[in-house]
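Student: I would like a close look at one part of this model, taken strand by strand and set in the context of its surroundings. Could you describe that part in one connected account?

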Amino acid sequence: MTALNRVPSLMVRAGTASAFAIAAVGGSVVVPGVAADAAAATPATKALKVAASKKGLPYKYGATGPRRFDCSGLTLYSFKKAGKKLPRTAAQQYNKTRHIGAGSRKAGDLVFFHSGSNVYHVGIYAGKGKIWHAPKTGDVVRLQKIWTKSVWYGRVK
């Protein structure tokens, strides 16, 4: 038995194994309730992280990034970086998603704001009733509470 093979068992028996020590000898650490990054990183969660990384960048009508966005430009850009293709406008994006109820929404789903049957705005659901979005001219990409009940939800396929 080599020294490397003995170290983990000695540390475990002594109760002194740290995550760094185990990793240093090629072991792995499992933390209950925390998924490995690779397993947890769905396209939706990747897109959500991309959108959040654009916090504070200015709104510009028709812009699709990487330094300026309109609402659907932000969602298009974020999902493209996550490996998913979306059409350009909020209404087109709504038509390309799997429609879901509010009770089924998850972080990374799209939130579509509508007036009657007209979709006029989109953001990415961040959880706890909030979205990441590019609101309007003169504003910036930001996290904001959903301000109306006139929303539909869609999951990118």
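Tutor: A residue is called buried when its relative accessible area is under 20%, and exposed when that area is over 50%. The model discussed here is predicted. With that cut-off, strand β2, residues 110-115, is mostly covered, since five of its six residues are buried. For the chain as a whole, 35% of the 157 residues count as buried.

The setting of β2 is as follows. The chain contains six helices and six strands, and from the N terminus the elements run α-α-α-α-α-α-β-β-β-β-β-β. The six strands form an open sheet with antiparallel pairing, in the order β1-β6-β2-β3-β4-β5. At the edges stand β1 (98-100) and β5 (142-145), each of which pairs on one side only. From one strand to the next, the twist averages 40°.

Within this order, β2 has β6 on one side and β3 on the other. Towards β6 (residues 151-155), the pairing of β2 is antiparallel and rests on four bridges; leucine 110 has glycine 154 in β6 as its bridge partner. Towards β3, the pairing is also antiparallel, over six bridges, and histidine 114 stands opposite valine 119 of β3. The connection between β2 and β3 is a hairpin with two residues between the strands, and glycine 116 in the turn has a positive phi of about 65°.

Following the hairpin into β3 leads to residues 118-127, the last of which is glycine 127. Glycine 127 has a relative accessible area of 16%, and it is classed as buried because that value falls under the 20% cut-off. Arginine 105 is 22 residues from glycine 127 in sequence, yet the two C-alpha atoms are 8.5 Å apart in space.

On its other side, β3 is joined to β4 (residues 130-133) by three bridges, again in the antiparallel sense, with tyrosine 125 opposite isoleucine 131 of β4. Helix α4 (residues 43-53) packs on the sheet and touches β3 and β4, its direction making about 100° with that of β3. Helix α5 (residues 71-81) also packs on the sheet, touching β2, β3 and β4, and its direction makes about 45° with that of β3.

Finally, two values describe the whole chain. Among contacts between residues at least 6 apart in sequence, 50% join residues at least 24 apart. The chain exposes about 9,500 Å², of which carbon and sulfur atoms supply 56%.

Notes. Residues numbered from 1 in each chain as written. Predicted model: local features only at pLDDT ≥ 70, side-chain atom pairs only at ≥ 80, totals over all residues. Heavy atoms only, no water. Buried < 20%, exposed > 50% of the residue type's maximum accessible area, 1.4 Å probe, protein only. Contact = heavy atoms within 4.5 Å. Areas by Shrake-Rupley, 256 points an atom, 1.4 Å probe, with all protein chains shown as cover. Pairing = 2+ DSSP bridges. Axes fitted to C-alpha atoms, helices over the stretch in contact; angles between N-to-C directions.
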